[in-house]
Amino acid sequence: MKAIRTLLACIRKADQTYNLITHGDKIIVGLSGGKDSMALLYCLNLYRKFSHTEFELQPVTLDLGFPGFNPKPLEEFCESIGLKLIVSDSKEVYEIFRIQQEKQHLKHLPCSICSRMKKAAINKVANEMGFNKVAFAHHADDAIETLLMNQIYGARIATFAPKMHLENANIDFIRPFLLVHEKDIKSCGL
């Protein structure tokens, strides 16, 4: 329980510092099934009970078309905390990956391509449902890793912002776990 309190304190501090969540927000939470996104959804669901800010949460997972995808465990997790998971059909992503790999004779495509495609797919869901924000579980260690990758591969000093407005999608993209460290997520046992 102490680990959950640590995560909640970090969410509160990030929210107060960066004005991530405001009254009336409708927030899609990207749920991949990994420990980070599961912990984010769980903690945001708790956070809205004591934050004095009324906001709505909607977990969404993307069926990207990869073989073996099974949303059942995610659906059960969401139901256990009183939420209903939406599984968005985004199978075209896998097909695009497969075609690009064949064209370019690559074993793997760069992570940035997958990241952009997932963001576009989840932003589309948010727009279709009338939600104004999308939350991903990027944490402090991810921010540091992004900084280093940008320095090494991009020759620039930059990492991601805690909150950014995506003009084309008209969505605010937020990272409530920005001040959370991965070790704290691991210790919460979700």
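**Group meeting: cores, strands and the largest pocket**

Let me begin with one residue, V29, which touches L40, L41, L44, L57, Q58, P59, V60 and A135 once residues up to four places away in sequence are set aside, contact here meaning heavy atoms within 4.5 Å. This is a predicted model, in which local features need pLDDT of at least 70 and side-chain atom pairs count only at pLDDT 80 or more, while totals for chains, interfaces and linings use all residues. Residues are numbered from 1 along each chain as its sequence is written, and side-chain values use heavy atoms, with hydrogens and water left out.

V29 lies in strand β1; helices (H or I, at least four residues) and strands (E, at least two) are DSSP runs, numbered from the N terminus. With a relative accessible area of 0%, V29 is buried, where buried means under 20% relative accessible area, exposed over 50%, and partly exposed in between, using a 1.4 Å probe and protein chains only. The C-alpha atoms of V29 and F136 are separated by 6.2 Å, although the two residues are 107 residues apart along the chain.

V29 also brings us to the largest nonpolar core, which has 34 residues, and in which L7, I21, I27, V29, L41, L44 and F177 touch the most other members. At least two residues of this core come from each of α1 (2-18), β1 (26-30), α2 (35-50) and α3 (72-80). By a nonpolar core I mean a set of buried Ala, Val, Leu, Ile, Met, Phe, Trp, Tyr and Cys residues joined through side-chain atoms within 4.5 Å. As a general remark, nonpolar side chains in soluble globular proteins tend to be buried together.

Apart from the largest core lies another core, of 18 residues, among them V93, M117, I122 and I171. Of these, I122 has its place in helix α5 and is buried, with a relative accessible area of 1%. I122 touches I28, G30, V60, L62, V134 and F136, again not counting residues up to four places away in sequence. From I122 to T61 the C-alpha distance is 8.3 Å, with their positions 61 residues apart in sequence.

Now to the strands. Two strands pair if DSSP finds at least two bridges between them, and β1 and β2, which run parallel, are joined by 5 bridges, with K26 standing opposite E56 in β2. How much of β2 is buried? The count is 7 of its 8 residues, so β2 is largely enclosed by the rest of the structure. Strands β5 and β6 (residues 171-174), by contrast in direction, run antiparallel and are joined by 4 bridges, and here H165 stands opposite D172 in β6.

The hairpin of β5 and β6 has 4 residues between the strands, and in it N170 takes a positive phi near 55°. Most residues other than glycine have a negative phi. Two further residues other than glycine also have positive values: phi of N19 is near 50°, and phi of H52 is near 65°. N19 is found in the loop between α1 and β1 and, at 44% relative accessibility, counts as partly exposed. H52 is found in the loop between α2 and β2 and is exposed, with a relative accessible area of 82%.

Let me finish with the largest pocket, which holds about 1,500 Å³ of space. On a 1 Å grid over the protein atoms alone, a pocket is an open set of points where a 1.4 Å probe fits, with protein on both sides within 12 Å along at least five of seven lines, and lining residues have an atom within 4 Å of a point. Grid points are joined across faces, edges and corners, and the volume is the space filled by probe spheres set on the points.

Which residues are the closest to the centre of this pocket? Of the 44 that line it, they are S115, K118, K119, F136 and H138. The elements that give two or more residues to the lining are α2, β2 (56-63), α5 (111-129), α6 (140-154) and β5 (163-166), and α5 gives the most, with 10 residues. The lining divides into 20 nonpolar, 15 polar and 9 charged residues, where Ala, Val, Leu, Ile, Met, Phe, Trp, Tyr, Cys and Pro count as nonpolar, Asp, Glu, Lys and Arg as charged, and the others, Gly among them, as polar.
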